[in-house]
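Open your viewer, switch on the cartoon representation and keep the selection box handy. We will go from one selection to the next and look at what turns up.

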Amino acid sequence: MMDLVVSALHNAFPSFFWTGFYRRVAPSTLEVGPSQGTLGCSHIEFGKGVCGTVAATQKTRIVDDVHAEPNHIACDSASQSEIVVPVFVRGKLAAVLDVDSTAVAAFSSTDQHALEEICGWVGAALEGRALGGVIVVE
């Protein structure tokens, strides 16, 4: 199901350069899950990069210019801006959705609201399924 969300988002917006989920696989580690675009980081520790920061704070983050973000992990120079949204299962962080764009300042509060709603649906759908590599730390 996460792969379908990634595919729909990635193909709906031409400026989406990389779209994917990082799943929580250990108490403070994310691992790349379904994604589209170039190669992403395979593992990210909480607090490292934008994805790790969102995992640690459990709050959505929009970065208008990733090259000006000191904590950004540069996987590809084509990425110019980024939004990362947490996914919760039973109230606990299970993953983050990461979307990178080739345009500077590509994401707005409207995007944030829509992606948070989508991630809410993803979390609710995962509640009734085997999480397949995702851990939910109690």
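What follows is a short tour of the sheet, its helices, two loop residues and some aromatic rings. Please keep in mind that this is a predicted model.

**Stop 1: the whole sheet**

Begin with the strands. Six of them make up an open sheet, ordered S3-S2-S1-S6-S5-S4, with antiparallel pairing. At the edges you will find S3 and S4 (61-63), each of which has a pairing partner on one side only. Going from one strand to the next, the twist averages 25 degrees. As background, strands of a sheet pair through backbone hydrogen bonds, in either a parallel or an antiparallel sense.

**Stop 2: S1, S2 and S3**

Select residues 16-26 for S1 and 29-36 for S2; six bridges hold this antiparallel pair. A hairpin with two residues connects S1 to S2. Now pick arginine 23 and look across to S2, where glutamate 31 is its bridge partner. Stay on glutamate 31 and turn to S3: there the bridge partner is histidine 43.

Next, add residues 43-45, which are S3; this strand pairs with S2 in the antiparallel sense over three bridges. Six residues lie between S2 and S3 in their hairpin, and in that turn glycine 37 has a positive phi of about 125 degrees.

**Stop 3: S6 and helix H1**

Move to residues 92-101, strand S6, which runs antiparallel to S1 and is joined to it by seven bridges. Select phenylalanine 16 and you will see serine 101 of S6 standing opposite. Then show residues 2-12: this is H1, a helix that packs on the sheet and touches S1, S2 and S6. The direction of H1 makes about 160 degrees with that of S1.

**Stop 4: helix H2**

Select residues 49-57. H2 lies across S1, S2, S3, S4, S5 (81-89) and S6, and runs at about 35 degrees to S5. How many of the nine residues of H2 are buried? Seven are, so H2 is largely enclosed by the rest of the structure. Colour them in to see the set: Gly49, Val50, Cys51, Gly52, Thr53, Val54 and Ala55. The cover over these buried residues includes S1, S2, S3, S4, S5 and S6.

**Stop 5: two positive phi values**

Step just past H2 to glutamine 58, where phi is positive at about 60 degrees. This residue is not a glycine, and it sits in the loop between H2 and S4. Is glutamine 58 buried or partly exposed? Its relative accessibility is 36%, so it counts as partly exposed.

Now jump to alanine 105, another residue to check on your Ramachandran plot. Although not a glycine, alanine 105 has a positive phi of about 55 degrees. Look for it in the loop between S6 and helix H3 (109-127). Alanine 105 has a relative accessible area of 44%, which makes it partly exposed.

**Stop 6: the aromatic rings**

Finally, show the aromatic side chains as sticks. Across the whole structure, a search finds three aromatic pairs. One of these is tryptophan 18 with tyrosine 22, a stacked pair with 5.6 Å from centre to centre and 25 degrees between the planes. Both tryptophan 18 and tyrosine 22 are buried. For the last selection, take Phe13, Phe16 and Phe107, which ring pairs link into a cluster. You have already met Phe16 at stop 3, opposite serine 101.

Methods: Residues numbered from 1 in each chain as written. Predicted model: local features only at pLDDT ≥ 70, side-chain atom pairs only at ≥ 80, totals over all residues. Heavy atoms only, no water. Pairing = 2+ DSSP bridges. Helix = DSSP H or I, 4+ residues; strand = E, 2+ residues; numbered from the N terminus. Axes fitted to C-alpha atoms, helices over the stretch in contact; angles between N-to-C directions. Contact = heavy atoms within 4.5 Å. Buried < 20%, exposed > 50% of the residue type's maximum accessible area, 1.4 Å probe, protein only. Phe/Tyr/Trp six-rings, centres within 6.5 Å; stacked < 30°, edge-to-face > 60°.
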